[in-house]
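Good morning, colleagues. I shall speak on two topics today, the protein surface around a DNA strand and the interface between two protein chains. Please look at the structure before I go on.

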There are 2 protein chains.
Amino acid sequence: MGATVGRQSTEMLKGVLEGIVLTLLSTRPAYGYEITARLRDQGFTDLAEGTVYALLIRIEQRGLVDVEKVPSEKGPPRKVFTLNARGREDLTEFWRTWSFLTERLDQLREDGA
Amino acid sequence: MGATVGRQSTEMLKGVLEGIVLTLLSTRPAYGYEITARLRDQGFTDLAEGTVYALLIRIEQRGLVDVEKVPSEKGPPRKVFTLNARGREDLTEFWRTWSFLTERLDQLREDGA
DNA sequence: TACCACTACACAGTAACGCTGAGTACCGGA
DNA sequence: TCCGGTACTCAGCGTTACTGTGTAGTGGTA
């Protein structure tokens, strides 16, 4: 991530990245290339393209998104992903787990160190 | 985690659990069984014993902790882990990555949804 | 004495996920 | 004609948490 890529960042992204993408999709539909670009702009500079596409395939197979092929003026057709009801449930679940973790860590940060 | 174990929680723990354990060790030395018990008390009710021991072996092999065998009155000898200088560096790095993630997610939470 | 619960750790095998690296294909401009 | 930007796919790898099992020491109890 940024200049500091490190083993840690990669491991910590696991599961979180899915929540991030679902959150992005909750604002409006998007396609892979666009999502990758947006995330890189927002600080995930070293995010691999393949990682995003693989993630999108996973959430599609789990039925969290609806997919539509849309022609592009600039290249091959785009696969536009739209968050559906199942996806919104999953997203709620994500935020619940995320809140749990932040609470635990905030507390640890106070006690320890 | 808690009643809802789920795939998500498991994936989100990756990398984070190491930071949690290092933070615990930054307050005082501890041994595996104790760490597992403390984490379970603090809400990680479904945390597997094997997970913690495997993690401890990893951070020992990376040289983040010093290890000492201490006899126990209640069972086999304990392996007491103490955070060393390298471990404290790693912990700092962890908090840096964690802060980055929380900032990104806080912002997403505002914009999206 | 035999058994059981609790303490304490180790280890092999599995699933999930992000990364690497390569490939395919379409478009426009130099 | 070739190059860069757009857009997606895929095989293979490393890391991590989980599952399940095994080993072993202690104390209590029937």
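A residue is near a molecule or strand if one of its heavy atoms lies within 4 Å of it. This is a predicted model, in which local features need pLDDT of at least 70 and side-chain atom pairs count only at pLDDT 80 or more, while totals for chains, interfaces and linings use all residues. Residues are numbered from 1 along each chain as its sequence is written, chains are lettered from A and ligands numbered from 1 in the order in which they are written, and side-chain values use heavy atoms, without hydrogens and water.

I begin with DNA strand D. Of its atoms within 4 Å of the protein, 73% belong to sugar or phosphate, and bases account for the rest. The strand has 29 residues around it, of which Y33(A), R78(A), K79(A), T51(B) and R58(B) come nearest. By class, this surface has twelve charged residues (Asp, Glu, Lys and Arg), ten nonpolar (Ala, Val, Leu, Ile, Met, Phe, Trp, Tyr, Cys and Pro) and seven polar (the others, Gly among them).

Which atoms of R78(A) and Y31(A) approach the phosphate oxygens of DNA strand D? For R78(A), an N or O atom of the side chain is 2.4 Å from a phosphate oxygen; for Y31(A), a polar side-chain atom lies 3.2 Å from one. In L13(B), a backbone N or O atom lies 3.4 Å from a phosphate oxygen of the strand. As for helices and strands (DSSP runs, H or I of at least four residues and E of at least two, numbered from the N terminus), α4(A) provides the largest share of this surface, three residues.

I turn to the two protein chains. In contact, meaning heavy atoms within 4.5 Å, are 38 residues of chain A and 38 residues of chain B. The chains bury about 3,700 Å² between them, 69% of it on carbon and sulfur atoms; buried area is the accessible area (1.4 Å probe) that two parts lose on being put together, summed over both. Of the area that chain A buries against chain B, M12(A), L105(A) and L108(A) supply 18%, more than any other three residues.

The rule finds four salt bridges across this interface, each a side-chain nitrogen of Lys or Arg within 4 Å of a carboxyl oxygen of Asp or Glu. R7(B) and E18(A) meet in a salt bridge at 3.7 Å, N to O. On the side of chain A that touches chain B, α1, α2 (16-27) and α5 (85-111) each give two or more residues, and α5(A) gives the most, with 15 residues.

Notes:
Polar contact = N/O pair within 3.5 Å; in protein donor to acceptor, adjacent residues only side chain to side chain.
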